[in-house]
Amino acid sequence: MDAALTQETQAKLEVDYRTDPSKYKHWRLTFDGPVATLTMDVNEDGGLRPGYKLKLNSYDLGVDIELYDALQRIRFEHPEIRSVVITSAKNRIFCSGANIYMLGLSSHAWKVNFCKFTNETRNGIEDSSAHSGLKFIAACNGTTAGGGYELALACDEIILVDDRNSAVSLPELPLLGVLPGTGGLTRVTDKRKVRRDRADIFCTTPDGVRGERAKEWGLVDAAVKTQHFAEHVKNRALQLAELSDRPHDAKGVVLPLVERTADDTGLHYKYVDARTDRVARTVTLTVRAPETAVENTMEHVLAEGADWWPLRMARELDDAILSLRTNELDLGLWIIKTSGNPGAVISIDDFLVKNQGNWFVREVLGMMRRTFARLDVSARSMFALIEPGSCFAGTLMELALAADRTYMLDAQDGESKASVMLSSMNFGLLPMVNQLPRLAARFYGDEKTIESLRGRIGSKLSAREALDDGLVTTALDNLDWEDEVRQAIESRVSLSPDALTGLEANLRFGLPETMQTRIFGRLSAWQNWIFVRPNAVGPSGALKVYGTGTPVKFNWERV
């Protein structure tokens, strides 16, 4: 199939990130006491887009969408689950990684968006391990290569079958001329602490490392003979489950399909609205809070379940972000607005903080944390507009703090006035992927400033106060508001999107690096660059000619 034609066809197919287990083509989710098993059994004819077969448990975006959904089901619908085993139904194959032919046929934007969502899903596994009392075991019952090993790296423990044949490998560099860029290279060093010289050998040896050597190098936690493999995995999963504080007897919360309508103006949900302007190349993303404050009790919250505002809002915003990133490539500026009752948000925030030890509240906080973190790593500019009637309070103030710039209307005497409010939620429960609260990142860890802002919790701050406190970029009166905002928007969308992506990624993540910021930095810079170089994607590039028998032709300049 002609690659250019395939890319044109792909571009016309919108991706829907919503699914449920009844629609799965590639995963089986089963439960046995405190242990869940996610079994990968990829349907090779079930690719998300035409032009390739998903052989050898290789995956595309559709496989990862199902994995993401399955993880959500475990988190919310099965509180009794304490450990998760990820394994394969294929004989002597765990996962051979991202499908190479899919990558070869895909546009640059598709490849990068695919890598980003894939890594966010892996980050979500690690997030649940750190915060939710869920531990993950990769039961690698066969070949574990590329993205398959990256999936294993996201787990708490990796158990490899020692059958003299099965190996773990990151063969992207020698076979495809690209990096193991969805976190593989970084997790090998930052998480597994594999020595640099050994990592060099590992990442340039396409056959990988087997058995006891893989264990000795720290690439896996155990290498177990075939006859003992299943028993070892089961026992280890039960041992990890004993360490969890998730409840034995709580009733889960069912996650229905996220409801939305889509039309020529954009995507519309109950609490989120994504309105597109294709001429201006912008999206106005409005997040709504409840109009009335109600007394929150655990009984009420559990009865609300998936309709409880913070969970429903986060799920809708998550779907909107993913859909816009994948399906609306030309809309480079997201204009963030809010509406609703600030008092209702502050009341819910207080409940979340007070009850964060409850399993359901903890999972809701996790959903919110991961969703807002998608904004920080999205390759889109973001401006927040704060006007009379806005609801940038507490949790929703995080949207303004995530923005690259924040404009606030400074109304004159006698006019309706805008305000912002901080809550305890702004001081640590919703960190960025660098594990820093957005306020700490904004002020580069200046404790004096942060403590001063902590004293502002619950206060309505005017435009002038918000400006003086450093919470907004600029405060404009009514005379200047329309023209200044219009000019800022027009100026932003006229700039190079490549340069903006690099600028924003650098400015959003100051202060010390973390494993996650290093991963996303590579996606934004190194992997992005490698993906457009002829050594990878040129007519004779490694990614293009893989499997054809045609020799690779590299440009040997080291610049």
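Q: Is Val552 buried, partly exposed or exposed, and why?
A: Go by relative accessibility: partly exposed covers the range between under 20%, which is buried, and over 50%, which is exposed. In this predicted model, Val552 counts as partly exposed because its relative accessibility is 36%. You'll find Val552 in the segment after helix 24 (542–545).

Q: Which residues make a nonpolar surface patch with Val552?
A: A residue needs over 30% relative accessible area to join a patch. Here the partners of Val552 are Phe554 and Trp556, and the patch comes to about 340 Å².

Q: Where do I look for Lys193, and what is its phi?
A: Look in the loop between helix 7 (184–191) and helix 8 (196–203). Phi of Lys193 is near 60°, so you have a positive value in a residue other than glycine. With a relative accessible area of 62%, Lys193 is exposed.

Q: What about phi of Gln435?
A: Gln435 isn't a glycine either, yet its phi is positive, about 70°. Gln435 sits in the loop between strand 19 (405–409) and helix 16 (438–442), and its relative accessible area of 44% makes it partly exposed.

Q: How many residues line the largest pocket, and which lie nearest its centre?
A: There are 23 lining residues, with Leu173, Gly177, Leu179, Ile530 and Arg558 nearest the centre. The space in this pocket is about 860 Å³.

Q: Which helix gives the largest share of that lining, and what is the lining's make-up?
A: Helix 8 does, with 4 residues; helix 7, helix 8 and helix 22 (526–530) each supply at least two. By type, the lining has 13 nonpolar, 5 polar and 5 charged residues.

Technical notes:
Residues numbered from 1 in each chain as written. Predicted model: local features only at pLDDT ≥ 70, side-chain atom pairs only at ≥ 80, totals over all residues. Heavy atoms only, no water. Patch = residues over 30% accessible without salt bridge, like charges linked within 9 Å, V, L, I, M, F, W, Y side chains within 5 Å. Areas by Shrake-Rupley, 256 points an atom, 1.4 Å probe, with all protein chains shown as cover. Salt bridge = Lys/Arg side-chain N within 4 Å of Asp/Glu carboxyl O. Buried < 20%, exposed > 50% of the residue type's maximum accessible area, 1.4 Å probe, protein only. 1 Å grid on protein atoms, 1.4 Å probe; cavity = no way out; pocket = protein on both sides within 12 Å on 5 of 7 lines; lining within 4 Å. Points joined across faces, edges and corners; volume = space filled by probe spheres on them. Nonpolar A, V, L, I, M, F, W, Y, C, P; charged D, E, K, R; others polar.
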